[in-house]
Amino acid sequence: PVQLARAYEGGGAAAISVLTERSFFQARPDDLQRVRNAVSLPVLRKDFILSPYQLYETAAMGADAVLLIVRALTGEMLRDLLGLCRDLSLDALVEVHSEAELASATVAGATLIGINNRDLTTFQTDLQTSMKLVGRLEDGQVAVAESGIHHRAQVEELMAAGVWNFLIGESLVRAPDPARHLRGLLGQPD
């Protein structure tokens with residue numbers, strides 16, 4: 001994780017997303033602290049957050065932000081977790097995949113909206129999800145396209161639709177030279 005984080009920072013990333021979940025992603029909670037100490041960028045904890053305790057834990061890890069997945073939370077829990085994020089000075093990237101999930105996020109007060117292009121039921125990825133949902137955001141909400149972004153042309157297509165922020169994981173992790181790949185996604189010359 002530290003080596004990748006340094007490559008991302010060198011490639012021009014604005015922030016680093018760090019997996020901390022053991023069972024599904026073979027990550028470790030101390031991965032976030034190690035990354036936090038290795039880079040100067042903001043760090044987001046990417047995990048299945050289901051309880052207030054995990055937000056206290058996230059703050060103690062030194063994260064700047066946390067991922068909250070609407071699909072995994074009730075509306076009341078999402079609202080409560082967003083309130084606790086504010087109290088703990090944690091930004092919250094609230095992940096949605098459908099209009100109904102976006103409506104739930106909006107009702108709960110979410111402003112940073114991660115639009116996951118991957119359907120977590122079928123694992124199919126479709127960039128049209130971001131292009132469709134970005135037009136449904138309310139004033140003051142900011143879109144972040146997530147999943148399925150591998151090439152600069154896809155970034156440009158999403159930007160033309162009104163998405164200016166991207167959470168890119170898989171294509172960077174799999175790239176032989178993550179910093180170079182990121183510069184390409186950013187449209188920067190080699």
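This note covers salt bridges and one pocket in a predicted model.

1. **Overall count.** Side chains of opposite charge can pair when their charged atoms come close. Across the whole structure, the search returns 11 salt bridges. Three pairs and one network are taken up below.

2. **Arg136 and Glu99.** These two side chains form a salt bridge, with an N to O distance of 3.3 Å. The pair joins distant parts of the chain, 37 residues apart. Arg136 lies in the loop between helix H7 (128–133) and strand E6 (142–146), while Glu99 belongs to helix H6 (residues 99–108). Arg136 is partly exposed, at 48% relative accessible area. Glu99 is also partly exposed, at 37%.

3. **Arg118 and Glu170.** Here too the side chains meet in a salt bridge, at 3.3 Å from N to O. The partners sit 52 residues apart and link distant parts of the chain. Arg118 is in the loop between strand E5 (112–116) and H7, and Glu170 is in helix H9 (residues 170–174). Arg118 has a relative accessible area of 21%. Buried means under 20%, so Arg118 counts as partly exposed. Glu170 is partly exposed as well, with 37% relative accessibility.

4. **Arg79 and Asp80.** Arg79 forms a salt bridge with Asp80. Their closest N and O atoms are 3.8 Å apart. The cut-off for a salt bridge is within 4 Å, so the pair qualifies. Both partners are partly exposed: Arg79 has a relative accessible area of 42%, and Asp80 has 40%.

5. **A network.** Which residues are linked with Arg28 in a network of salt bridges? They are Asp30, Asp31 and Arg34.

6. **The second largest pocket: volume and lining.** This pocket has a volume of about 150 Å³. Its lining consists of Leu82, Cys85, Arg86, Leu90, Asp91, Ala92, Gly109, Ala110, Thr111 and Leu112. By class, 6 of the lining residues are nonpolar, 2 are polar and 2 are charged. Arg and Asp count as charged, so Arg86 and Asp91 are the charged residues in this lining. Gly109 and Thr111 are the polar ones, because Gly and Thr fall outside the nonpolar and charged classes.

7. **The second largest pocket: where the lining comes from.** Which element gives the most to the lining? Helix H5 does, with 3 residues. H5 spans 75–87. Strand E4 (91–96) is another contributor, and H5 and E4 each supply at least two residues.

How values were computed:
Residues numbered from 1 in each chain as written. Predicted model: local features only at pLDDT ≥ 70, side-chain atom pairs only at ≥ 80, totals over all residues. Heavy atoms only, no water. Buried < 20%, exposed > 50% of the residue type's maximum accessible area, 1.4 Å probe, protein only. Helix = DSSP H or I, 4+ residues; strand = E, 2+ residues; numbered from the N terminus. 1 Å grid on protein atoms, 1.4 Å probe; cavity = no way out; pocket = protein on both sides within 12 Å on 5 of 7 lines; lining within 4 Å. Points joined across faces, edges and corners; volume = space filled by probe spheres on them.
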